[in-house]
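Ready for some practice in reading a protein model? Keep the sequence and the 3D view side by side, and try each task before you look at its solution.

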Amino acid sequence: SNPVLQGYHPDDVAFRLGPIINAVGRLYHAKGIIKMFCSDDVDEVTKLASEAVKNNQERKKLERKVVSQGFDELAWSYKPGVDKVIVLAHQDWNKGVIGLAAGRMMEYLPLPIFAGFIGEDQTTFSARNPYDYLQIDLAKVLIKVAEEFKEKTGKTLKHGGHKAAAGCSCDNEDLPLFKQLLEKHFGSLIADDYNPVQHINVEHC
């Protein structure tokens, strides 16, 4: 009889509680959420739920920051008709929200988008891919990229995902090569006449 779930419809859990629950794990640690759902103490649950809501508000703020800074960079760097993949990375982006931000940017620019957090030694990327438009499997492209990356550097490119979303990481010193390989492989698969502007969902604008 956990008080968090009383009176909720499944849609409420999926679309209202879901993002709040998810935000805690993205920014901090999920053990607080687990404790919230396992507790029968109303006061404790109320306190933990309040903290989770604040975490979600913080997540939204951090996500908007990545999206805003990403589009600021694209305003001068993006070359329509030439760029077949977008690769953006910054030291001050939160690793927990870069995938969400990549998905949000993809709503406005339907191309494969890699958003990355540059750490001390490695950069971690989260990518989103408009599979419905391109019919290109993101995970399979990353396998090809990883194979060539291994041939050129002797290093293993950590990666995983599926046709529409994936994650990967590489040493900071290998960032230029990684971007070059992404551009090469996506460039060979995406038609020259593909115009992402034609696929923008105006409801997001």
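The exercises below start with the whole chain and then turn to rings, a helix and charged side chains. Keep in mind that this is a predicted model.

**Exercise 1. The whole chain**

Find out how many helices and strands the chain has, and in which order its elements run.

*Solution.* Step 1: count the elements, which gives seven helices and five strands. Step 2: walk along the chain from the N terminus, and the order reads α-α-α-β-α-β-β-α-α-β-β-α. Step 3: look at burial; 40% of the 205 residues count as buried. Step 4: turn to the surface, where the chain exposes about 11,600 Å², with carbon and sulfur atoms supplying 52% of that area. Step 5: check how contacts span the sequence. Taking contacts between residues at least 6 apart in sequence, 68% join residues at least 24 apart.

**Exercise 2. A cluster of rings**

Work out how the rings of F114 and F125 are arranged, and which parts of the chain this pair ties together.

*Solution.* Step 1: search the whole structure for aromatic pairs; there are five. Step 2: take the pair F114 and F125, whose ring centres are 6.3 Å apart and whose planes meet at 75°. Planes over 60 degrees apart count as edge-to-face, so this pair is edge-to-face. Step 3: place both residues. F114 belongs to strand 2 (residues 113-118) and F125 to strand 3 (residues 122-128), so the pair ties together parts eleven residues apart in sequence. Step 4: check burial, which means under 20% relative accessible area. F114 has 0% relative accessibility and counts as buried, and F125 is buried too, at 3%.

Now, which arrangement do the rings of F114 and F186 have? Their centres lie 6.4 Å apart with planes at 70°, so this pair is also edge-to-face. F186 sits in helix 7 (residues 175-189) while F114 lies in strand 2, so here the tied parts are 72 residues apart in sequence. Both F114 and F186 are buried. To finish, put the ring pairs together: they link F114, F125, F178 and F186 into a cluster.

**Exercise 3. The surroundings of an alanine**

Decide whether A166 is buried or exposed, and list what it touches.

*Solution.* Step 1: locate A166 in strand 5 (residues 165-171). Step 2: read its relative accessibility, which is 7%, so A166 counts as buried. Step 3: leave out residues up to four places away in sequence, and A166 touches F125, S126, A127, R128, L138, L142, G160 and G161. Step 4: pick L142 from that list. The two residues, A166 and L142, are 24 apart in sequence, and their C-alpha atoms are 8.6 Å apart in space.

**Exercise 4. Helix 6 from end to end**

Compare the length of helix 6 with its expected span, then inspect its two ends.

*Solution.* Step 1: helix 6 (residues 138-153) has 16 residues. Step 2: from first to last C-alpha the helix reaches 22 Å, close to the 22 Å expected at 1.5 Å a residue. Step 3: at the start, a side-chain oxygen of D137 comes to within 3.0 Å of the backbone nitrogen of A139. Step 4: just after the helix, G154 has a positive phi of about 80°. Step 5: list the buried residues of helix 6, which are L138, A139, V141, L142, V145, A146, E148 and F149. Among the elements covering them are strand 2, strand 3, strand 4 (158-161), strand 5 and helix 7.

**Exercise 5. Charged partners**

Which salt bridges does E148 make with K152 and K184, and where do these residues lie?

*Solution.* Step 1: recall that side chains of opposite charge can pair when their charged atoms come close. Step 2: E148 and K152 form a salt bridge with an N to O distance of 4.0 Å. Both lie in helix 6, four residues apart, about one turn of the helix. Step 3: E148 also meets K184 in a salt bridge, at 2.8 Å from N to O. This pair links distant parts of the chain, as E148 is in helix 6 and K184 in helix 7, 36 residues apart. Step 4: compare accessibility. E148 has 12% and counts as buried, whereas K184 is partly exposed at 47%.

Key: Residues are numbered from 1 along each chain as its sequence is written. Side-chain values use heavy atoms; hydrogens and water are left out. Buried means under 20% relative accessible area, exposed over 50%, partly exposed in between (1.4 Å probe, protein chains only). Contact means heavy atoms within 4.5 Å. Accessible areas come from the Shrake-Rupley method with a 1.4 Å probe; for residues, only the protein chains shown count as cover. Rings of Phe, Tyr and Trp (its six-membered ring) pair if their centres lie within 6.5 Å; planes under 30 degrees apart count as stacked, over 60 as edge-to-face and the rest as tilted. The expected span of a helix is 1.5 Å times one less than its number of residues. A polar contact is a pair of N or O atoms within 3.5 Å; within protein, one must be able to donate a hydrogen and the other to accept it, and residues adjacent in sequence count only if both atoms are side-chain atoms. A salt bridge is a side-chain nitrogen of Lys or Arg within 4 Å of a carboxyl oxygen of Asp or Glu.
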